[in-house]
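Trainee: Could you take a close look at the empty space in this model with me? I'd like to know what sits around it.

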Amino acid sequence: SPPLMREIETNLKNREGTMLLLNRRGFSTSIRCPQCGKVEECKLCQVSLTFHQEKNLLLCHYCNYQKKVPAVCGECKAPLLRFMGFGTEKVESEIARHFPSARIARMDADTTQKKDSHEKILEQFREQKIDILIGTQMIAKGFDFPHVTLVGVVLADVGLRLPDFRSSERTFQLLTQFAGRAGRGMKPGRVIIQTWMPEHPSIHFAKDHDFLNFYAHEKKSREEFHYPPYRSLVNIIIRSRDEKKAYVFAREIRDALQKEFRPENALLPGIEIIGPAPLPFYKLRGHFRWHVMLKIPKDLLLTPRIYALLIGLKKPSAVAFQIDVDPLNIL
């Protein structure tokens, strides 16, 4: 945005360090046909392929499937494909175009694959041989660079769009941690957060480092919808390359749990059984994935009983399941 560009220019004139965060790597997040709307997707995962300009390839960030950029649309054979979205590679390209004399480095999973590359980039930045450091969340916390007086979050909304109850918490953590990279020396720091949702609690409260009010808001939401820390979660993930087998077994698990933990059972009050439902990333690495989730009152320790129940079921061939207790995410 123009305000961030002006601040970067000021920092370059003053020979002060700048850090830019975008928690999404690659050049474009998807390639779409403007004629028929088809998006290039991974053949093993139900996700769009990300274009990486440096390798000139389309990559899947979940299974590492890769393919060359097609010359025409695979569906309607239209010759023009449109690059959608952007990642750290695109930010690096734009910064280099606007500030050709600036010394720029990018730190993400693509640039830190070689041994010691991570340390080399940080050392060069610490010695002020790099003016602008662009990166994903790996540059957000734990670093102390006294010469950094400007940090910019290029798109703060990335994590908020994930269908997970902890997405607000993670976004708040990331923003407050990254904001702490600016102004650690003698000069004061400036933080610019670019967002389409400035009134979202994660961003609104992060802007003022208002931990207490964010906690109060999140606490109320978690309590209302029965999420941790007010309930324990047990997420049962069922996967198979056979879509029907995965769904049928997920239903069997749901039915067995409902029979075991009947609502009318006074000894086991307050247990909620949700699903089966497709996981947000429904097809991953060639497997179709369903889940059944239990919300359990904190004082009930039912994991061994749930596990014994599942082991007792007749599992079809080529179907696997796993139990995730108090999962870090439900993606």
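Mentor: First, a bit of vocabulary: helices (H or I, at least four residues) and strands (E, at least two) are DSSP runs, numbered from the N terminus. Also, this is a predicted model: local features need pLDDT of at least 70, side-chain atom pairs count only at pLDDT 80 or more, and totals for chains, interfaces and linings use all residues. Residues are numbered from 1 along each chain as its sequence is written, and side-chain values use heavy atoms, with hydrogens and water left out.

Now for the main attraction, the largest pocket (on a 1 Å grid over the protein atoms alone, a pocket is an open set with protein on both sides within 12 Å along at least five of seven lines; a cavity is a set of points where a 1.4 Å probe fits but cannot get out; lining residues have an atom within 4 Å of a point). There's about 1,700 Å³ of space in there, where a volume is the space filled by probe spheres set on grid points joined across faces, edges and corners. Its lining runs to 46 residues, and Asn 23, Arg 24, Tyr 62, Val 158 and Leu 162 are the ones nearest the centre. Helix H4 (167-179) and strand S12 (272-284) each put at least two residues into that wall, with H4 taking the largest share at 8 residues. Sort the lining by class and you get 21 nonpolar, 17 polar and 8 charged residues (Ala, Val, Leu, Ile, Met, Phe, Trp, Tyr, Cys and Pro count as nonpolar, Asp, Glu, Lys and Arg as charged, and the others, Gly among them, as polar).

For contrast, look at the second largest pocket, at about 240 Å³. Here 13 residues do the lining, and Ser 1, Met 5, Val 91, Glu 94 and Val 154 lie nearest the centre. Helices H1 (2-13) and H2 (88-98) each bring at least two lining residues, and H2 gives the most, with 5. The class split for this second pocket is 8 nonpolar, 3 polar and 2 charged.

Last comes the enclosed space: the structure holds 1 cavity of 30 Å³ or more. The largest cavity has a volume of about 40 Å³, and you'll find His 52, Glu 54, Lys 55, Glu 89, Arg 106 and Asp 110 around it. That cavity's lining has no nonpolar residues at all, just 1 polar and 5 charged.
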